[in-house]
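Visitor: Please choose a single part of this model and take a close look at it. Keep it brisk.

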Amino acid sequence: MPLSRSLSMTSLSGVLPAWEEEELPVEDLLLFEVSWEVTNKVGGIYTVLQTKAKITVDEWGENYYMMGPYYEHNFKTQVEACEPPNPAVRKAMDALIHNGCQVHFGRWLIEGSPFVILFDVGSAAWNLDRWKGDLWETCQIGLPHNDREANDSLILGSLVAWFFKELIDQLGDKPNVIGHFHEWQAGAGLILSRCRKILMATVFTTHATLLGRYLCAGNADFYNNLSKFNVDKEAGERHIYHRCCLERAAVHCAHVFTTVSQITAVEAIHMLHRKPDVVTPNGLNVKKFSAMHEFQNLHSTSKACIQEFIRGHFYGHLDFNLDKTLFFFIAGRYEFTNKGADIFLESLLRLNYLLRLHKNDMTVVVFFIMPAKTNNFNVESLKGQAVRKQLWDTAHSVKEKFGNRLYDALLKGHIPDMNSILDRDDFTIMKRAIYATQRHTLPPVTTHNMIDDATDPILSNVRRIGLFNSRNDRVKIIFHPEFLSSTSPLLPMDYEDFVRGCNLGVFPSYYEPWGYTPGECTVMGIPSVTTNLSGFGCFMEEHVSDPAAYGVYILDRRFRSAEESCNQLTQFMFSFCQQSLRQRIIQRNRTERLSDLLDWRYLGRFYVHARHLALNRAFPDKFKMDPMAPLKTEGFRYPRPSSVPASPSASVHSTPHHSDVEDDDDDDNDDYEPYDEDEEAERDRLNIKAPFVLGDVQEGK
């Protein structure tokens with residue numbers, strides 16, 4: 001789904017550096033992108049492929065194909081079956097089908113509608129032992145029989161290599177084929193294609209190293225010891241040595257090796273022993289609005305939906321002002337330490353202390369959106385929404401009676417006695433409704449019944465820090481252990497609408513090769529916290545002079561201790577709570593203005609460069625390119641917004657200084673906070689700093 005932003009004076013079209021790479025003769029080429037997540041949502045690579053499809057189809061047309069595993073349910077719900085337009089592709093598929101393997105073709109029903117070739121892994125499983133033998137004979141990599149995922153990856157890779165062999169034979173003297181493989185699950189296809197000397201250019205992209213993810217999940221001091229790890233020993237102890245061998249072999253077999261961020265590039269040098277040739281940042285398919293105010297209106301609409309949920313969840317304890325309540329959230333895979341949920345919870349405890357100490361009237365409600373094992377909704381949570389709806393119906397019933405009686409009185413020409421407008425029955429109904437909101441328990445921390453409540457990491461730490469949604473707490477916690485859906489009876493909102501309604505996304509990840517969640521916040525104009533250990537955070541540090549001024553707070557988890565990082569995160573959140581409504585609106589405008597940086601129309605050029613480089617290395621006589629020349633893709637740095645005073649202190653507000661006068665009186669302080677959206681956007685256009693080369697991997701730790 002395209003994420004929406006505005007198009008007006010804030011658009012950077014014409015400011016982003018022009019693409020200088022020589023265009024490829026795509027009409028004479030075929031591009032195949034291979035991944036386990038084509039039509040098969042497992043993780044973030046699905047988002048990469050889905051959002052990038054539109055610009056790739058625009059460039060390559062019917063010469064672009066995606067390849068992945070066949071799952072019947074996914075094919076029926078996401079793919080429109082059709083015939084391949086290229087006869088060579090049809091004949092290559094038929095060769096596999098005639099040998100007992102099932103291959104399916106169609107258009108993936110996403111924006112761009114790319115062609116997909118899906119291989120039924122189960123139909124070819126009878127070849128597994130033979131293909132294991134081939135893998136051992138060609139590169140001495142053995143796969144254990146009990147690793148289902150690795151075995152399925154080998155079957156898919158063998159089918160892909162077989163397909164490419166048949167395709168190249170059909171193409172004859174024009175084997176101009178590019179194969180782009182994502183992650184280790186697709187790596188077997190690349191390894192076998194290269195070992196069999198199939199004439200094609202190959203690109204391999206790692207979105208995260210296997211061993212890196214395992215080490216960080218085990219609480220290792222990863223980034224300070226990158227050069228000290230015995231890679232083979234660590235992989236063997238975690239029973240993933242064979243997977244790491246597949247990953248490393250694919251990296252070294254590829255003509256071009258890419259990764260998604262500078263931080264992952266450094267990791268790859270140590271974990272995979274090859275320096276990436278190109279860094280290919282992940283983008284988003286950004287849809288533009290016609291006016292700036294539209295995304296602010298969407299924020300207000302979505303925030304109202306969240307407030308309705310809060311009214312039900314905290315019934316009987318709704319003693320805080322929802323107009324002075326901020327909504328923070330963290331979302332993603334349930335990797336407690338990798339995603340930084342541990343440091344986030346500790347910081348929330350300290351934030352609660354600061355808000356109470358300073359007698360701040362702001363309340364913070366924090367959502368944890370992380371899927372975990374549950375068996376159903378929490379009864380207390382469902383009851384809260386039922387009580388809220390009952391109160392709403394009662395209020396509307398009384399309001400209708402009140403309105404009719406007032407209308408009749410005014411028609412008769414006199415001001416009615418207020419005591420006579422509402423009769424005793426009305427007061428009785430209202431009193432019963434009020435009594436129905438009484439509860440003798442605290443609002444639940446989790447919205448679902450957890451299967452493993454006692455050992456769940458988030459709930460265990462909530463018990464440790466003692467944030468149980470009591471009346472005295474200024475920080476409230478809601479753990480929603482399920483992905484959001486507009487069909488939910490509890491919180492009927494899609495993820496995009498939910499993000500739009502929040503005030504701040506907090507993603508203090510320790511291991512995050514890219515990080516789509518803060519990027520999605522940025523595109524929707526929502527400030528976020530990320531880290532200098534995430535690819536997104538490093539990308540923003542490179543492109544923006546003062547990220548915090550644009551609503552992207554970058555937490556230092558690389559060069560600070562956990563205690564220092566926790567204090568820094570607490571300060572970020574406390575400073576955000578001190579902002580006035582006007583300051584938050586200004587900051588959302590600035591955040592949204594960074595959207596063009598994350599648009600595939602800009603970031604897709606790095607993939608173009610990687611393909612050109614692969615063709616040059618595979619077919620140097622046909623595709624000329626200076627291998628020593630730096631990447632022509634120029635970057636730029638956003639300047640600091642002109643209305644933000646310069647300050648070296650991280651604790652000082654990035655937006656104009658906080659005013660104690662809130663909401664209604666903000667208009668009286670226009671001279672205190674000079675800000676003109678048109679003027680700032682124009683200054684951003686004109687005040688671009690000197691360009692620098694992107695994509696080159698930095699040496700060292």
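Guide: Of the 701 residues in the protein, 59% are buried (under 20% relative accessible area with a 1.4 Å probe, protein chains only; exposed means over 50%, partly exposed in between). The model is predicted, so local features need pLDDT of at least 70 and side-chain atom pairs pLDDT 80 or more, while totals for chains, interfaces and linings use all residues. Residues are numbered from 1 along each chain as its sequence is written, and side-chain values use heavy atoms, without hydrogens or water.

The protein has 23 helices and 21 strands. These are DSSP runs numbered from the N terminus: helices are H or I with at least four residues, strands are E with at least two.

The part to look at is a sheet. Six strands build it, in the order E16-E13-E12-E17-E18-E19. It is open, and its pairing is parallel. Strands pair if DSSP finds at least two bridges between them. E16 (475-480) and E19 (552-555) are the edges, each pairing on one side only. From one strand to the next, the twist averages 25°.

Now the pair E12 (residues 325-331) and E13 (residues 363-369). Seven bridges join them in the parallel sense. Ile 330 stands opposite Phe 368 in E13.

Helix H18 (residues 516-523) packs on the sheet. H18 touches E12, E17 (504-506), E18 (528-531) and E19; contact means heavy atoms within 4.5 Å. The direction of H18 makes about 145° with that of E18. Angles are taken between N-to-C directions, from 0 to 180 degrees, with axes fitted to C-alpha atoms, for helices over the stretch in contact. Helix H19 (residues 535-543) lies across E18 and E19, at about 115° to E19.
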